[in-house]
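These are my notebook entries on one protein chain, written down in the order in which I looked things up. I begin with the chain as a whole and then turn to its parts.

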Amino acid sequence: MSDQSQDPPPTEQEPNVSIESEALLNDLAEQKDLHLRLAADFENFKRRSRQESEARAVAQKESFIIELLPVVDNLERALAAGASRDSAQFRQGVEMTLKQLKQLLRQHGVESGEIVGKPFDPHQHEALSQGHDPAQPDHVILEVIQCGYQRGTNVVRPAKVVVNDLTLARSARHGR
């Protein structure tokens, strides 16, 4: 009696399937290794970028401080000399120092413009009170209480202003 429960003889496909499986496993291992390397490289890139950005910010702050120190020196000299000189010279020294400081701000892109008589813009100005000047158009700036500053289109600090309100006079005339 012959044993028919034996496995069939190997076909030509089985060695090919084994070789293909091994090749696929090798490819998968290579892709996994590549993925891990790329992930590690990306983490290193993020760390280096963060460190460079922080170093650049520190250098910019230090540079600005170095540029600001002569202004501080001039203010200290003005205060020290204020008691011994007449008030006109003292005032002139303080004005020169203020001019120097504003020039330094301009060099860093920080501007403050003349806004009296210009329309009120709630994105750039903060209205502290209302005034009434019939010689001026409605909703224009009558007075600047505190200068505002911008860097490009970004408002660093809004100007605090008095805004012309002609509706108060109209309301009073109409008995409202």
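Entry 1, the elements. Before reading the order of elements, I noted that helices and strands here are DSSP runs, numbered from the N terminus, with at least four residues for a helix and at least two for a strand. I also noted that I am working with a predicted model. I counted 3 helices and 6 strands in the protein chain, and from the N terminus on I read their order as α-α-β-β-β-β-β-β-α.

Entry 2, the chain as a whole. I looked up how much of the chain is buried, and found that 11% of its 176 residues count as such. The exposed area of the protein chain came to about 14,200 Å², with carbon and sulfur atoms supplying 55% of it. Among contacts with a separation of 6 or more, I found that 61% are between residues 24 or more positions apart.

Entry 3, the open sheet. Which order do the strands of the open sheet follow? I read it as β2-β6-β3, a sheet of 3 strands with mixed pairing. Because β2 (125-131) and β3 (141-146) stand at the edges and each has a single partner strand, one side of each is left without a neighbour in the sheet. Neighbouring strands of this sheet are turned against each other by 30° on average, with direction ignored. I then followed β3 and β6, which pair in the antiparallel sense over 4 bridges, and saw that Val 144 stands opposite Val 161 in β6.

Entry 4, the core. Which residues make up the largest nonpolar core? I listed 5 of them, namely Ile 115, Ile 141, Ala 159, Val 161 and Val 163. Strand β6 (residues 159-164) contributes the largest share of this core, with 3 residues. I looked further at Val 161 and, leaving aside residues up to four places away in sequence, found that Val 161 touches several others, among them Ile 115, Phe 120, Leu 128, Ile 141 and Val 144. The residues that Val 161 touches also include His 125, Glu 126 and Glu 143.

Entry 5, the hairpin. Strand β4 (residues 149-151) and strand β5 (residues 154-157) run antiparallel and are joined by 3 bridges. For Tyr 149, I found that the bridge partner in β5 is Arg 157. How many residues lie between β4 and β5 in their hairpin? I found 2 residues there, and I noted that Gly 152 in the turn has a positive phi of about 70°.

Definitions and conventions
Residues are numbered from 1 along each chain as its sequence is written. This is a predicted model: local features need pLDDT of at least 70, side-chain atom pairs count only at pLDDT 80 or more; totals for chains, interfaces and linings use all residues. Side-chain values use heavy atoms; hydrogens and water are left out. Two strands pair if DSSP finds at least two bridges between them. A nonpolar core is a set of buried Ala, Val, Leu, Ile, Met, Phe, Trp, Tyr and Cys residues joined through side-chain atoms within 4.5 Å. Buried means under 20% relative accessible area, exposed over 50%, partly exposed in between (1.4 Å probe, protein chains only). Contact means heavy atoms within 4.5 Å. Accessible areas come from the Shrake-Rupley method with a 1.4 Å probe; for residues, only the protein chains shown count as cover. Axes are lines fitted to C-alpha atoms, for helices over the stretch in contact, and angles run from 0 to 180 degrees between N-to-C directions.
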